[in-house]
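Reader: I am new to reading protein models. Could you walk me through one part in close detail, and set it in its surroundings?

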Amino acid sequence: MKKTGKLFSVIFCALLLAVGYFDALAQSDISVQATVSENTIYTGERMQLSIKISGDFNDISRPKLPEFEGFRLLSNRPSTSRSFQYINGKTSTSYTYTYQLIAQKKGSYPLPGVSISIDGTEYQTDPIKVSILDRNEAAESKGPQRPDIFLKLEVSNSRPVTGQQIIADVVLYFQEGLQVSSYQPIPGWKAEGFWKESLTNNERPETSTTILDGLRYRRARLLQFALFPTKSGKLEISPYEINVSVRSSRSRGDSFSSFFGNFGGNRRQITLKSDPVTLNVRPLPPTDSSRYLGAVGSFDISREISSRQVVEGESIEIKTHIKGTGNIPLISKPHYKLPEGLEVYEPQESSQLNRNQHRISGSKTFTDVIIARTPGQYTIPEKTLVFYNPDKDRYISNSLPELQFAVKPDPNAVASVSGPGGMPVSPITGLATWAGPDTQSLFSYWWFWAGIILPLCILGFAYWRKSYAARMSTDRGFARSQKAADKATGRLDKAVALSEDGHLKEAYNMLQKALTGFIGDRLNLPEAGLSNKEYIQALRQENIDDELVENIRLLLDKCASISYAPSTSHEYLKSHVGLAQSTLDKLKKVL
């Protein structure tokens with residue numbers, strides 16, 4: 001006989017859990033955000049405080065307002081608005097409460113968070129900082145007259161460390177009475193000394209008001225970039241330029257309602273240029289170069305092996321994953337100490353960048369491909385890698401555990417020897433001839449001295465080789481310098497191969513990398529982010545012959561111009577490759 005009561009209890013509990021689970025999912029989609037119409041206002045002016053609730057919900061209560069220091073609440077009854085969206089079968093509701101506040105006392109006040117109950121759960125908004133100015137005092141202390149419209153570069157940090165991500169906003173300020181219909185960035189902004197990444201700028205610019213030198217301006221962030229300084233010291237961010245279409249308006253009511261909208265009337269085109277911004281870039285604290293990857297930010301580092309057991313001759317992949325926020329494009333590959341008997345192939349790397357959320361985040365993966373030619377048990381030792389976290393102002397260590405894998409013999413391989421024994425030796429028989437002792441001195445034989453000097457030479461060579469290998473594994477700058485020539489030659493060969501396949505643009509890019517990579521490796525310069533001008537300056541600081549430096553500059557400029565507009569032939573490229581090879585041969589003698 002079946003016990004149906006117990007079965008119904010189980011089903012009922014499962015339904016309760018499912019309802020609770022989906023209810024929790026619905027609550028996790030709810031967003032509550034408070035915004036103000038002005039962050040800086042005069043005493044006596046009004047300001048709007050809006051509380052916007054978005055998501056999938058059923059019951060919502062009126063917000064519980066705190067005491068607003070420095071402000072007076074005009075009315076406890078807010079104006080409300082509501083909208084619905086139905087996207088991909090999911091309903092989303094947006095509800096907005098708007099209150100009017102009047103500024104009464106000058107000062108800087110944080111507006112406290114506002115509480116609101118949604119489906120029985122309490123939510124609270126984040127505080128908002130608002131400044132109240134006295135109109136008379138602002139008029140008396142008015143500084144130099146600002147233009148009615150101007151452009152400004154605003155950075156998130158003026159004292160970063162080398163490699164730290166800073167956000168640069170291109171901000172437009174304009175006074176009342178002006179309407180902006182469109183803007184067009186002027187190409188060519190390089191930001192030399194920085195690695196530059198454009199952030200997502202698809203949204204329509206939103207305006208807010210602020211007060212500068214006693215005058216009210218509209219403020220609109222047009223573009224946003226992530227910059228990574230590649231060296232320490234004082235670095236200047238070059239000015240940014242845009243073309244703006246504006247018109248004057250006497251009607252105050254519509255001064256900003258059509259910002260970036262379409263309207264008629266007389267327009268004028270003006271070119272705006274921001275002032276340069278100087279940053280004081282701090283150097284990173286010293287650390288072990290064999291463990292540091294050049295990573296600055298917040299990261300999670302892990303590695304994995306594709307297989308724990310393979311057959312002799314099969315390939316194995318060791319993947320190192322680096323995820324987080326920071327200078328992901330500038331992170332270099334970690335170097336692992338691999339056991340003997342492994343054949344190592346050219347490593348691979350791939351990256352995925354997320355340019356949303358007003359920052360650069362994402363992941364980078366390095367893949368080491370190895371092949372074991374002899375069977376046995378192999379162990380890749382534990383490795384500690386470090387990155388610099390600017391928020392904590394220190395290096396963070398990340399320990400990667402050791403990796404073990406087994407290589408089994410290939411059953412299809414042909415045995416090279418017939419048995420476990422050594423080489424068979426047969427005795428030699430025959431007549432023996434006896435010679436009398438030689439009375440010549442032992443020191444007169446060449447083999448005597450060879451037997452003394454040769455072991456010393458072998459010992460000295462072994463010691464030098466061990467020291468060289470140790471330095472190659474611990475001193476990254478020395479290793480880059482030693483491998484510079486081979487890397488440059490490989491890139492030249494690759495440039496010729498790309499040209500033969502018809503990829504002239506990529507070929508000239510590779511030719512440029514061969515020259516700049518050799519200079520950077522020999523002089524231990526940053527691996528990325530430097531301009532051709534900085535490479536030439538570095539050569540001049542090394543007192544390289546002016547004629548050779550000038551030839552290098554001309555060749556780099558030629559590569560840069562042709563790579564952007566390739567209109568040449570394979571034979572023309574081969575002549576440039578030959579010129580680059582002879583230039584590299586001369587550089588090897590002086591660097």
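Reader: Before the close look, what percentage of the 591 residues in the protein chain is buried? Then please look closely at helix α5 and its salt bridge partners.

Author: Start with the whole. This is a predicted model. Buried residues account for 38% of the 591 residues in the protein chain. The chain holds eight helices and 30 strands. Its accessible surface is about 35400 Å², and carbon and sulfur atoms supply 51% of that. Now look at contacts between residues at least 6 apart in sequence. Of these, 74% join residues at least 24 apart.

Now to helix α5. It covers residues 504-523, which is 20 residues. From first C-alpha to last, α5 reaches 29 Å. The expected value, at 1.5 Å a residue, is 28 Å, so the two are close. Helix α5 is mostly covered, with 15 of its 20 residues buried. What follows the helix? Just after α5 comes N524, with a positive phi of about 55°.

One residue of α5 deserves a stop: D521. Its side chain forms a salt bridge with K487, and the closest N and O atoms are 3.4 Å apart. K487 sits in helix α4 (residues 476-500), while D521 sits in helix α5. The two are 34 residues apart, so this pair links distant parts of the chain. Are the two partners buried or exposed? D521 has 5% relative accessibility, under the 20% cut-off, so D521 counts as buried. K487 has 37%, between the 20% and 50% cut-offs, so K487 is partly exposed. The bridge does not stand alone. R480, K487 and D521 belong to one network, joined by salt bridges that share partners.

Step along to helix α6, residues 532-541. Its buried residues include Y535, I536, A538 and L539. Why might such positions be worth comparing along a helix? An α-helix has 3.6 residues a turn, so residues three or four places apart point the same way. After α6 comes N543, and its phi is positive too, near 60°.

Back to salt bridges. The structure holds 14 of them. K64 and E122 make one, with their closest N and O atoms 3.5 Å apart. K64 is in the loop between β3 (46-55) and β4 (71-73), and E122 is in strand β9 (residues 121-124). They are 58 residues apart, and the pair links distant parts of the chain. E122 is partly exposed, at 46% relative accessibility. Another bridge joins the side chains of E317 and K319, at 4.0 Å from N to O. Both partners are partly exposed: E317 is at 30%, and K319 is at 29%.

Aromatic rings make links as well. There are twelve aromatic pairs. In one, the ring centres of Y95 and Y97 lie 5.2 Å apart with planes at 40°, so the pair is tilted. Y95 is buried at 16%, and Y97 is buried at 7%. In another, F299 and F387 have ring centres 5.6 Å apart and planes at 85°, so the pair is edge-to-face. F299 lies in strand β21 and F387 in strand β28, so this pair ties together parts 88 residues apart in sequence. Both rings belong to buried residues.

End at the surface. F443, W449, I452, I453 and L456 form a nonpolar patch there, with about 530 Å² of accessible area together. F443 lies in the loop between β30 (403-408) and α3 (446-474). At 55% relative accessibility, F443 counts as exposed.

How values were computed. Residues are numbered from 1 along each chain as its sequence is written. This is a predicted model: local features need pLDDT of at least 70, side-chain atom pairs count only at pLDDT 80 or more; totals for chains, interfaces and linings use all residues. Side-chain values use heavy atoms; hydrogens and water are left out. Helices (H or I, at least four residues) and strands (E, at least two) are DSSP runs, numbered from the N terminus. Buried means under 20% relative accessible area, exposed over 50%, partly exposed in between (1.4 Å probe, protein chains only). Contact means heavy atoms within 4.5 Å. Accessible areas come from the Shrake-Rupley method with a 1.4 Å probe; for residues, only the protein chains shown count as cover. Patches are made of residues with over 30% relative accessible area and no salt bridge: like charges are joined within 9 Å, nonpolar side chains (Val, Leu, Ile, Met, Phe, Trp, Tyr) within 5 Å. Rings of Phe, Tyr and Trp (its six-membered ring) pair if their centres lie within 6.5 Å; planes under 30 degrees apart count as stacked, over 60 as edge-to-face and the rest as tilted.
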